[in-house]
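Colleague: I'd like a close look at one helix in this predicted model and at what packs around it. Could you walk me through that part, and then through whatever else is worth a look?

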Amino acid sequence: MNTFSIAIHGGAGTLVKGMMTPEKEQEYKGALKAALDIGYKALEVGGSAIKAVEAAVIALEDSHLFNAGKGSVFTATETHEMDASIMDGKTLNAGAVSLISGIKNPVSLARDVMEKSEHVFLAGEGAMQFAKQLDYKVEDDTYFYDEFRHEQWKEIKHTDSFQLDHSVKKDSKFGTVGAVACDQHGNIAAATSTGGMTNKKWGRVGDSPMIGAGNYANNKTCAISCTGSGEFFIRGVVAYDVACLMEHKNMSLQDASDEVINKRIMEINGDGGLIAVDTQGNIAMPFNTEGMYRASKSSNGNEEVSIYK
C-alpha cells in the first residue's frame, strides 16, 4: 500500500512569536489539528485524495479563525467575496469559483464546478446562479461576521489601502486555507479557499482560485496549495512552477518547493508559503515569512502542527 499523507495550511505572514497569547496559539493549533484529523481519517478509510482535501478545507472554512468561509475578511463595501479551487491530480480535472457571497463552503462549490459542469472556473453572479441551481443555501451575512475581521476593516475603511492580513500591528496573517493529500492509491489532490484581502475593491481576485497559480495537482509531479501575496503568486505561476521544476529538472518535492518559495518568488518581492505532496506521500511546507499555520500527518507515523519557523 502507498504511503498516504495530508498537509494543511491556514495562512502565512507576520506571525511573530510572542505577539499571540498562549490561549490563542492553542486555539489555532487545535483548529489545525481538528481539520488535519478529519482529512487524514478520510484517507485512512481508503477515501480519495479529493475527498480528503475537501473535508479538511471545509473544517477550516467552518472555523472563524481563518480567512475563508465563516471568518472571511470584509471588502471595501463591507461585504464578503470568497474564492476557492480544487484539482484532481489523477485526471487533471479542476474546479474554481470566485467573488461568491453567502456560500458556507466555497470549496464544495468549486468541486461541484469540477464534477457537475462542463467548466473549470465560474465567477460572481454566474457562480451564484450555478449554486442556486444545485440548491445551495445562501447564508445570511451574520454567519460570516467576525469581530476581529470587522475591526481590521474599520481601521482602513476610509483609506485606499488594503490589507493582506499580515501587517505587524497584530497577529495577522494571509488568511488563505488549503490542503494537499496523497491517498492509498498514490493519487494526489489540492484544494484552496480564501476570503481575499481586507478592504479589497473592484472585484479583486487573488491566486487562490487560479489553477496553476495558487492551486495545482498532477500525479506526474505534485499537489500544491499556496498562501501569500496573491498578486506575486499569480505573476510567478507558483503552484505550477514547483511541478514544472520536478517534471523538467527532475528536482525533488522539497528542492523544487524551496527553490520557488525561498528564491524565485522572493526575487519579485513575493512573500508567503505553500504546502506540497507527491505521489510517494512526501510532504514539503516551505514559507519565507515569520510563520505559517500548518499541519501534516502521514501513514509512516510523522505528524506536525506548527505556526512559527
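**Helix α2 and its surroundings**

Modeller: Let's start with a pair of helices. Helix α2, residues 49–61, and helix α3, residues 106–116, have axes that come within 8 Å and cross at roughly 150°. Since angles over 145 degrees count as roughly antiparallel, that makes α2 roughly antiparallel to α3. On the α2 side the contact is made by Ile-50, Lys-51, Glu-54, Val-57, Ile-58 and Glu-61, and α3 brings Pro-106, Val-107, Ser-108, Arg-111 and Met-114. Sorted by class, that contact of α2 with α3 has six nonpolar residues, one polar and four charged.

Now α2 by itself. Its 13 residues should span 18 Å at 1.5 Å a residue, and the C-alpha atoms at its ends are 18 Å apart, so the two agree. Which residues of α2 are buried? They are Ala-49, Ile-50, Ala-52, Val-53, Glu-54, Ala-56, Val-57, Leu-60 and Glu-61. As a reminder, an α-helix has 3.6 residues a turn, so residues three or four places apart point the same way. The buried residues of α2 pack against α3, and also against β1 (5–13), α1 (22–44), β2 (82–88), β5 (177–182) and β6 (188–194).

One of the buried α2 residues, Val-57, gives us a link to a loop. Gly-175 sits in the loop between α6 (147–156) and β5. The C-alpha atoms of Gly-175 and Val-57 are separated by 13 Å, with their positions 118 residues apart along the chain. Gly-175 has a relative accessible area of 4%, so it is buried.

Back to α3, which has another helix to deal with. The axes of α3 and helix α4 (residues 124–133) come within 11 Å, crossing at roughly 80°. α3 and α4 are therefore roughly perpendicular to each other. Here α3 uses Leu-109, Asp-112, Val-113 and Lys-116, while α4 offers Ala-127, Phe-130 and Ala-131. The residues of that α3 and α4 contact divide into five nonpolar, no polar and two charged.

Val-113 turns up again around a strand residue. Ala-96 lies in strand β3, residues 94–100, and is buried at a relative accessible area of 0%. Not counting residues up to four places away in sequence, Ala-96 touches Ala-84, Ser-85, Ala-110, Val-113, Val-120, Phe-121, Leu-122 and Pro-209. Ser-208 is 112 residues from Ala-96 along the chain, yet their C-alpha atoms are separated by 9.0 Å.

A second strand alanine is Ala-295, in strand β11 (residues 291–298). Its relative accessibility is 0%, so Ala-295 counts as buried too. Leaving aside neighbours within four places in sequence, Ala-295 is in contact with Ile-6, Ala-7, Ile-8, Leu-32, Leu-36, Met-285, Glu-304 and Val-305. From Ala-295 to Tyr-216 the C-alpha atoms are 19 Å apart in space, and the two are 79 residues apart in sequence.

Last, the cysteines. The structure holds zero disulfides. For Cys-222, the nearest cysteine sulfur is that of Cys-226, 9.8 Å away. Cys-222 is buried, because its relative accessible area is 0%. As for Cys-244, why is its sulfur not bonded to that of Cys-222? The closest cysteine sulfur to it is the one in Cys-222, and at 10 Å that is too far for a bond. Cys-244 has 22% relative accessibility, so it counts as partly exposed.

Methods: Residues are numbered from 1 along each chain as its sequence is written. This is a predicted model: local features need pLDDT of at least 70, side-chain atom pairs count only at pLDDT 80 or more; totals for chains, interfaces and linings use all residues. Side-chain values use heavy atoms; hydrogens and water are left out. Axes are lines fitted to C-alpha atoms, for helices over the stretch in contact, and angles run from 0 to 180 degrees between N-to-C directions. Helices (H or I, at least four residues) and strands (E, at least two) are DSSP runs, numbered from the N terminus. Angles under 35 degrees count as roughly parallel, over 145 as roughly antiparallel, 65 to 115 as roughly perpendicular and the rest as oblique. Contact means heavy atoms within 4.5 Å. Ala, Val, Leu, Ile, Met, Phe, Trp, Tyr, Cys and Pro count as nonpolar, Asp, Glu, Lys and Arg as charged, and the others, Gly among them, as polar. A disulfide is a pair of cysteine sulfur atoms within 2.5 Å. Buried means under 20% relative accessible area, exposed over 50%, partly exposed in between (1.4 Å probe, protein chains only). The expected span of a helix is 1.5 Å times one less than its number of residues.
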